[in-house]
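Dear colleague,

I am passing on the structure that follows, and my notes on the strands and on the ligand come after it. Please read them with the model open beside you.

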Amino acid sequence: MRAAFKGTDKSPEDSRKRIELLKMSQAVNLLGSWELDLKTNKLFWTDAMFQIRATPVSGDNLVSWEENEHFIHVEDREMVKQQFESLFRKEDVNFEYRIVTADGKTKLVAAWATLFRDENGEPLFLRGTSQDITRQREAENKLRELNVAFEYAEEIANMGNWQFRVKANEFFISGNLYKLLGYEPGDFEPSFDKLLDIIHADDREKMKAYLAKCSHGDCSDAVEYRVSRKSGEERVIRSKCKVLQAFNDTLILGTMQDVTDEVEVRRKLEEKSSFAQMLIENSVDHIAAYDTDCRIIAWNRKCEQRYHVKKEDAIGKHVFEVYDKFHPEEFADLQKALKGEHVYKPAQLSNSADGLYEYFMIPLKDPNGKVFGVLSILHDLSAIKRSTDKLNELNQSLELKNKELERSNDEMASFSYVASHDLQEPLRKIQTFAKLIHEKDFDVLSERGKDYFQRMEAASARMQVLIDDLLTFSRTNTLPKEFKTVDLNQVLDNVKKEIKDTIEEKNAVINATHLPEANIVAFQFKQLLENLLLNSIKYAKEDVAPVINITADKVKGKDVEGLVPEKEYIRISVADNGIGFHQEYAEKIFELFQRLHSKHEYPGTGLGLAICRKIVHNHKGIIRAEGKEGVGSTFTVYIPA
Ligand code: ADP
């Protein structure tokens, strides 16, 4: 009994319409139905069954079991047979199998079948449907593949996503989002509250405000917030959300991307660039930068002050808009720098005539060496110029004063020379007459007269010494100085010969290391050594024979204060074991007529060391004294080597 379409009380026309509509729907859905009469073993197919198999519909829609089996994929025939057999044990079956269509294509079919029995329970017929699900399965497979790829993509991008269906109150979290938060997929029940719970308490409001903005349709921005991973570790997440209406619900989609490393790099970069910015801002130089269109891209505080243009007004402007007097030469230099040349323009009176400036134009290059701008540094030298001018002025007046001093020194020297020279004559006369009185009339003098006379003789003798010393002093300046390379041992020998009597009289011992040769004025150097040795003998301790040690070596100017640092010097030291002096007089004793002892204790004029210093100065050197009372003195002479 065929039971595919049972008769109804509708008209035949109605029935025809219904059948046509059913056919159409079956064709569209690739869904066919069939019936197998178990008594006659006849198999009825609707049109769609034929269409799915790409075979023409047979006249009476009947097909044999063999014809039917012919379309089943050989590998699935046994399985299909078993499914049908199982129908006799259960109510219906659902299964999938492959068919091969008449034009040779393999298709996947979803089958449903059920068994109808008569009132006695005897099997009457089988009915079922068969739907071509090839495309649907392909689409499902594609979707599955896409899902897998999507999961991978999320992993690679360090991203996860979530979805929230508001009405349905369904929350979904992608596997990678769990992982991103340090969990295994499914570790917790996804919910909106849980998501907020993971967000750092201080950032929750930010996220809520962002979502509120999104729900009003503004989803353009992203939001960054901190989250705590399962381990408690804090990470920074960047989220973008979208609110849309779909599936009869409000759908909120959200992505979460771990940007901790990026944020850290950004923080460091900001730190660095704000440091660089600070350096530029606080620079004493005028620092500006231009892009390749000569537009200003950096402008520091100094520039603001000099050009009276605020940074915000300068940035983006063409140089001509900002520098009303941008010199053509400077513009040419900017062009050169834009071509990659480092430009340095030494100081010149600037065109605005308000100071002295030098400038640098340095090309700014990207990592590929392409110039993307120029850094301009204008260095103000006006202050240096002012102090140099002042220094020059001072130098000039100093030079004038020096000349004046030299002149008055010369005058003084020639005066003392003339004076002492001229004094010699009357003194010699006094001494001659005194000698005559001494030889002829001394005895006739009263005792008092004799005493006065002797004192007069002593005074004239002292005067003689003073005049001699004064002459020597003035001669150190006036006599021509001839520098020669001389062996200092030779000079010392000559001195020793000269003062031989004094040395012997005082039992003085003079030790000297080997002395070098030096470029000196020999007679002056002899005078110098003689003065120092005679002083060491004169200022010896009572009852202690003078021991004088003379040493010489070389020193670098930079190691001794007062010398020219770049030069090398010969150092000659004369050290004695005499009475010494207090160190506070170390400078004073070189001045004219300065004496630390009275003429009754130690005779002298106070000129000896002044002569020494003059001689050393003539040699472009210096002399220093070191003394310790009761221990001895050391006089050290430095002259250029
Ligand atoms: P003077 O004719 O008095 O010796 P100088 O100019 O040679 O004049 O010396 C100045 C002073 O320096 C001396 O009066 C003395 O007090 C001190 N003086 C010089 N040489 C020595 C020395 N070797 N030891 C101690 N004092 C010295």
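To begin with the strands, Val109 stands opposite Asp132 in β6. This pair belongs to strands β5 (residues 106-117) and β6 (residues 123-132), which run antiparallel and are joined by 9 bridges; strands here are DSSP runs of E with at least two residues, helices are runs of H or I with at least four, and both are numbered from the N terminus, while two strands count as paired if DSSP finds at least two bridges between them.

Before going further, please note that this is a predicted model, in which local features need pLDDT of at least 70 and side-chain atom pairs count only at pLDDT 80 or more, whereas totals for chains, interfaces and linings use all residues. Residues are numbered from 1 along each chain as its sequence is written, and side-chain values use heavy atoms, with hydrogens and water left out.

β5 and β6 are part of an open sheet of 6 strands with antiparallel pairing, in the order β3-β2-β1-β6-β5-β4. Because β3 (62-63) and β4 (92-100) stand at the edges with a single partner strand each, one side of each has no neighbour in the sheet.

Elsewhere, strand β16 (residues 371-380) pairs in the antiparallel sense with β12 (residues 286-291) over 6 bridges, and Asp291 stands opposite Gly373 in β16. Strand β15 (residues 356-365) also pairs with β16 in the antiparallel sense, over 9 bridges, and there Tyr357 has Asp380 as its bridge partner. The hairpin of β15 and β16 has 5 residues between the strands, and in it Gly369 takes a positive phi near 85°.

Turning to the ligand, 20 residues surround it, of which Tyr539, Arg595, His597, Thr605 and Leu609 come nearest; a residue counts as near if one of its heavy atoms lies within 4 Å. By class, this shell has 7 nonpolar, 10 polar and 3 charged residues, where Ala, Val, Leu, Ile, Met, Phe, Trp, Tyr, Cys and Pro count as nonpolar, Asp, Glu, Lys and Arg as charged, and the others, Gly among them, as polar.

As for individual atoms, an oxygen atom of the ligand lies 2.9 Å from a polar side-chain atom of Asn535, and a backbone N or O atom of Leu609 lies 2.8 Å from an oxygen atom of the ligand; a polar contact is a pair of N or O atoms within 3.5 Å. In addition, a side-chain N or O atom of Ser633 is 3.1 Å from a nitrogen atom of the ligand. The elements that give two or more residues to the shell are α18 (522-538), α19 (608-618) and β23 (632-640), and α18 gives the most, with 3 residues.

With best wishes

Notes: A polar contact is a pair of N or O atoms within 3.5 Å; within protein, one must be able to donate a hydrogen and the other to accept it, and residues adjacent in sequence count only if both atoms are side-chain atoms.
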